[in-house]
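The exercises below are meant to be worked with the sequence and the structure side by side. Try each task before reading its solution.

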Amino acid sequence: MQFDRKALNRLLLLNDRQLEIVIRKLATDYGLDLSALHITTDNMRNLRETLRNATDEELKSLGDQLRRGGGTP
């Protein structure tokens, strides 16, 4: 999966519920366990802030991990 600044900006345009759905779908599709993150629409603000502040290297790493099917960011 290509996970770059352009893709990130498109994700950040989604409302909280849409973003939660996309995150959960990606996790399921790529075999990621998000249970420890407790992702809900209530904490999307924190997730958005984290994504906004991600460096290009962190985004590349995330994309690489998704291609491999998981791992630690």
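**Exercise 1.** Leaving aside neighbours within four places in sequence, find the residues with which I23 is in contact, and then place I23 within the largest nonpolar core.

*Solution.* Keep in mind throughout that this is a predicted model. Once the neighbours within four places in sequence are set aside, the contacts of I23 are with L34, I39 and L47. Turning to the largest nonpolar core, which has 13 residues, we find that I23, together with L19 and L47, touches the most other members. The helices α1 (5-12), α2 (16-30) and α3 (44-52) each supply at least two residues of this core.

**Exercise 2.** Describe the overall make-up of the chain, beginning with its secondary structure.

*Solution.* The chain has 4 helices and 0 strands, and its elements follow one another from the N terminus as α-α-α-α. Of its 73 residues, 30% count as buried. Among the contacts with a separation of 6 or more, 73% are accounted for by residues 24 or more positions apart. The accessible surface comes to about 5,100 Å², and carbon and sulfur atoms hold 53% of that area.

**Exercise 3.** Which residues of α3 are buried, and why do they line one face of the helix?

*Solution.* Begin with the list of buried residues in α3, which holds M44, L47, R48 and L51. Viewed down the axis of α3, these buried residues fall within an arc of 100 degrees, and therefore they line one face of the helix. The general background is that an α-helix has 3.6 residues a turn, so residues three or four places apart point the same way. On the other side of α3, R45 and T50 are exposed. As a last step, look for what covers the buried residues of α3, and the cover is found to include α1 and α2.

**Exercise 4.** Decide whether E20 is buried or exposed, and do the same for Q18, with partly exposed as a further choice.

*Solution.* E20 lies in helix α2, and because its relative accessibility is 8%, which is under the 20% limit, E20 counts as buried. Leaving aside neighbours within four places in sequence, E20 is in contact with I39, T40, T41 and M44. Q18 also has its place in helix α2, but with a relative accessible area of 38% Q18 is partly exposed. Although Q18 and T41 are 23 residues apart along the chain, their C-alpha atoms are separated by 9.0 Å.

Key: Residues are numbered from 1 along each chain as its sequence is written. This is a predicted model: local features need pLDDT of at least 70, side-chain atom pairs count only at pLDDT 80 or more; totals for chains, interfaces and linings use all residues. Side-chain values use heavy atoms; hydrogens and water are left out. A nonpolar core is a set of buried Ala, Val, Leu, Ile, Met, Phe, Trp, Tyr and Cys residues joined through side-chain atoms within 4.5 Å. Buried means under 20% relative accessible area, exposed over 50%, partly exposed in between (1.4 Å probe, protein chains only). Contact means heavy atoms within 4.5 Å. The arc is that of the directions from the helix axis to the C-beta atoms. Accessible areas come from the Shrake-Rupley method with a 1.4 Å probe; for residues, only the protein chains shown count as cover.
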